[in-house]
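Ready for a few exercises? Have a look at the protein below, then try each task before you read its solution.

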Amino acid sequence: MIKINSISGLLFLVKDLSKTTEFYEKLGFQFKEKTADHAKAYINWFWIEFVADDKAEEGVFQKLSNIDKTEYRGSGQFVEVSVQNVDEHHEALLAKGLKPASQPQDFSWGRREFVIIDPDGYRLTFFEKK
């Protein structure tokens, strides 16, 4: 029997690492590791790693992530981020000059949520349980 312990994090290849880290810091992510070609943000024990496209090591990352550069990365994927108050979080992001793709709204699956798209097209859903 195969046993999976947990999903620990995600890795995103990005065009402009500086722009990406600034965007995610405005969202409330805290970066514990930053170099010229790599950054790692944590929420509790879970992380999202960001690697600059042009700095990614040749091989696995480049080969497996060779998507059509004209399309947004992360198409069809959403990173789900739990917050205490989705409306307050939405307002705070607007105050920081960010432009969420949707307004907070209630859904039949028992959550209130909104979506924001990062500079590389990755989508994040901020939600609270109702």
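## Warm-up: the whole chain

Of the 130 residues in the protein, 39% are buried, where buried means under 20% relative accessible area, exposed over 50%, and partly exposed in between (1.4 Å probe, protein chains only). Keep in mind that this is a predicted model: local features need pLDDT of at least 70, side-chain atom pairs count only at pLDDT 80 or more, and totals for chains, interfaces and linings use all residues. Residues are numbered from 1 along each chain as its sequence is written, and side-chain values use heavy atoms, with hydrogens and water left out.

## Exercise 1: the layout

Task: work out how many helices and strands the protein has, and the pattern they follow along the sequence.

Step 1. Count the elements: there are 3 helices and 8 strands. Helices (H or I, at least four residues) and strands (E, at least two) are DSSP runs, numbered from the N terminus.

Step 2. Now read along the sequence, and you get β-α-β-β-β-α-β-α-β-β-β.

## Exercise 2: the four-stranded sheet

Task: find the order of the 4 strands in the open sheet, and say which strands stand at the edges.

Step 1. The order is β1-β4-β3-β2, with mixed pairing. Two strands pair if DSSP finds at least two bridges between them.

Step 2. β1 (9–14) and β2 (30–34) are the edge strands; each has a single partner strand, so one side of each is left without a neighbour in the sheet.

Step 3. Neighbouring strands here are turned by 25° against each other on average, direction ignored. Axes are lines fitted to C-alpha atoms, for helices over the stretch in contact, and angles run from 0 to 180 degrees between N-to-C directions.

Step 4. Add the helix: α1 (residues 17–27) packs on the sheet and touches β1, β2, β3 and β4, its direction making about 155° with that of β2. Contact means heavy atoms within 4.5 Å.

Step 5. Zoom in on the pairs. β2 and β3 are antiparallel over 4 bridges, a hairpin of 3 residues joins β2 to β3, and Phe31 sits opposite Ala41 in β3. β3 (residues 38–43) and β4 (residues 46–52) also pair in the antiparallel sense, over 6 bridges, with His38 opposite Val51 in β4.

## Exercise 3: two sides of a helix

Task: sort out which residues of helix α3 (residues 86–95) are buried, and name what they pack against.

Step 1. Val86, His89, His90 and Leu93 are the buried ones. They cover an arc of only 100° around the axis, which puts them on the same side of α3; the arc is that of the directions from the helix axis to the C-beta atoms.

Step 2. Why does such spacing work? An α-helix has 3.6 residues a turn, so residues three or four places apart point the same way.

Step 3. On the other side of α3, Glu88, Glu91 and Ala95 are exposed.

Step 4. The buried residues of α3 pack against α1, β7 (111–117) and β8 (123–129).

Step 5. Check the ends. Asn85 caps the N-terminal end of α3, with a side-chain oxygen 3.1 Å from the backbone nitrogen of Asp87. After α3 comes Gly97, whose phi is positive, near 85°.

## Exercise 4: an arginine in a strand

Task: is Arg112 buried or exposed, and which side chain does its own side chain make a polar contact with?

Step 1. Arg112 belongs to strand β7.

Step 2. Arg112 has a relative accessible area of 16%, so it is buried.

Step 3. The partner is the side chain of Asp106, at 3.3 Å. A polar contact is a pair of N or O atoms within 3.5 Å; within protein, one must be able to donate a hydrogen and the other to accept it, and residues adjacent in sequence count only if both atoms are side-chain atoms.
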